[in-house]
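This report introduces a single structure to someone meeting it afresh. It moves from a sheet and its helices to a ligand and then to a pair of hairpins.

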Amino acid sequence: MDNMSVNGSEIDSETNELLDFLFKDTKVKRNAAEKDKNKIIGLLKNSEDNKRTTPIVDLFRKLLDLRNNKGISPNDFGINRKKLITLAIKHQDIDEHYVTIGGRVGKALNIVKQANERVRDYLADKKKAAPSGIELWDQIQQNAARIKEIMGISDEEWNSYSGQLRYAIEDVDTLSKVIALPKKAIEDVTRVTKNYRMRLTPYYASLIIPGKPDDPVLQQSVPTGEMVDNVGVEIPPVAADHSPARLIDQFYPQVAAMKVTNICAMYCTHCLRIAHIGKMDKIYSKEAYEDALNYIRSNPNIRDVLITGGDAFVLPNKYVKWILNELDSIEHVKMKRLGTRIPITTPQRIDPELLDILAESNDKKPLRVVVQINTAQEITPVSKKAFKMISKRVSAILNQAVLLKGINDTKYKMWKLCETMQEAYVRPYYLFNCSFRNPQFSHLRVPVEVGRDIVESMYGNISGDAIPRYIAAAGGKIPLHRSNVARKENGSIILRKPWSGAEVSYPDADPKVYNENRFSFRKFKE
Ligand SMILES: *Cc1c(COP(=O)(O)O)cnc(C)c1O
Ligand code: SF4
């Protein structure tokens, strides 16, 4: 039993296996290089001299490496099995979690190595495949300088919300002055904007990288000919059959959406609310809001209210404050969510007064802000600062992205988007498949199978906290994830790991035990 124990301490089977491998076929003696000898002797001394695990791990790794690559065994350095067992036991005695050297060097380090292998290409490509607005900031600032110059916008106007709105780009002439577009593209946009609106704030326009026809910000904000050319029948928007009261959409028992405006600071080429956004901005009357609030007041099941639009932050501060206040004063309303894309398209809107309003309401009942970021390029130092300020005042900022062809429909673009938003204080919440209701943007739709591959590629490769739920909006939000249950096998479920395809057997709860009603403290009843 010399193998297994020294001074009564046992070594585990994994360490034993590692030692067996190191000392396998050691009849042939090989001469280790001088360099390796010195290294091993140094590591051995360090391993013996102090109470740290690192030198022991390094020693075993080096020995394993020499065994694997040069066929050299510890014997060739005059190190016998007993000495290594002593160090193995020292290692597991020092470690807080009693991790053995066999577990750490033989297994754990390999698992980390394999995991790193899975993201190697992503880490090498992510900056090029999907640069963030933070990485592109120098270029964006040059764009901003160019746009300011062409449009005659002062710094003060640029940095204010009213300035951004005053100079919003709504016609092709202005657009083609600030962004060089091919002549054919200009004709296309001219044609479309006869029927559909275009609006980009100068800030959002500065995120477009010149000379790239596939720029993801350009594609999200400047409509193209397909919008009028696509054939198909428009299916009436959800509101047509889900609006039980003025401004209200409801199809869930406890959640109601209140569409407080039809205005947005920019118009998206994939807007699901295209029918509401309509041809002109409309200011709603106080009576409309009161009718909507009365509906919520008189339906005690509603505990969660979405304030959406259009864009909720288009409302002046005093309206935001009033609506939040009214909702907070309704006993059965327990939380609120505000839907806005303004922190992305016009972060200049986020002023101290608005931040105070959010904080005050969040203090009464949880308030979340729900945004829409579709590409890492939309996250700049300016929007990140806006997210940071908002995140200090509300209970969470959640993102609802839309999966869009050519914009974010690859694994690496989506991973990068989700990681970048997480670093910018935003939590990925939903990833919507682009709506089937509108032929206007069928050219931007992505097949569900592609979307699933993208979402499932995230599991096990990026933080779980950065993975959104993949959703089809079809009269309510329906999850699209593929099941990872492969099959059942005598009481166990065979699960598939999304990141490797490897199957694991997962013992299910025993139905007999589950149906037993006399358990825990209950068994003492009667
Ligand atoms: C999206 C939406 C909701 C909220 O859905 P959650 O899954 O709770 O985020 C509620 N009502 C309407 C009408 C909606 O469109
Ligand atoms: S911000 Fe939302 S409501 Fe406004 S245009 Fe974009 S998708 Fe539509």
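Two strands are said to pair if DSSP finds at least two bridges between them. In this predicted model, four bridges join β5 to β6, and these two strands run parallel. Within this pairing, I307 stands opposite L338 in β6.

Both strands belong to an open sheet of nine strands with mixed pairing, whose order is β3-β4-β5-β6-β7-β8-β9-β10-β11. The edges of the sheet are formed by β3 (248-249) and β11 (477-479), each of which pairs on one side only. Helix α21, made of residues 411-423, packs on the sheet, where it touches β8 (396-403) and β9 (427-433), and its direction makes about 145° with that of β9.

Another helix, α17, covers residues 317-328, and because its twelve residues at 1.5 Å a residue should span 16 Å, the distance of 16 Å between its end C-alpha atoms agrees with that expectation. The buried residues of α17 are N317, V320, W322, I323, L324, L327 and D328. These buried residues pack against the strands β4 (255-259), β5 (304-308), β6 (335-339) and β7 (367-371), and also against the helices α16 (286-297) and α19 (352-364).

Attention now turns to the ligand. Ligand 1 is surrounded by D249, F251, Y252, V255, A257, L306, R337, Y429, Y430 and K477. For three of these residues, the table gives the distance between a polar side-chain atom and an oxygen atom of ligand 1.

| Residue | Distance to an oxygen atom of ligand 1 |
|---|---|
| Y429 | 2.6 Å |
| Y430 | 2.5 Å |
| K477 | 3.2 Å |

The remaining strands to be described are β12, β13 and β14. Strand β12 (residues 485-489) is joined by four bridges to strand β13 (residues 492-496), and the two run antiparallel; across this pairing, V485 stands opposite L495 in β13. The hairpin of β12 and β13 has two residues between the strands, and in this hairpin G491 takes a positive phi near 85°.

On to the next pairing, five bridges join β13 to strand β14 (residues 503-507), again in an antiparallel arrangement, and S505 in β14 is the bridge partner of I494. Here β13 and β14 form a hairpin with six residues between them, and G501 in the turn has a positive phi of about 80°.

How values were computed. Residues numbered from 1 in each chain as written. Chains lettered and ligands numbered in written order. Predicted model: local features only at pLDDT ≥ 70, side-chain atom pairs only at ≥ 80, totals over all residues. Heavy atoms only, no water. Expected span 1.5 Å × (residues − 1). Buried < 20%, exposed > 50% of the residue type's maximum accessible area, 1.4 Å probe, protein only. Contact = heavy atoms within 4.5 Å. Axes fitted to C-alpha atoms, helices over the stretch in contact; angles between N-to-C directions. Near = heavy atom within 4 Å. Polar contact = N/O pair within 3.5 Å; in protein donor to acceptor, adjacent residues only side chain to side chain.
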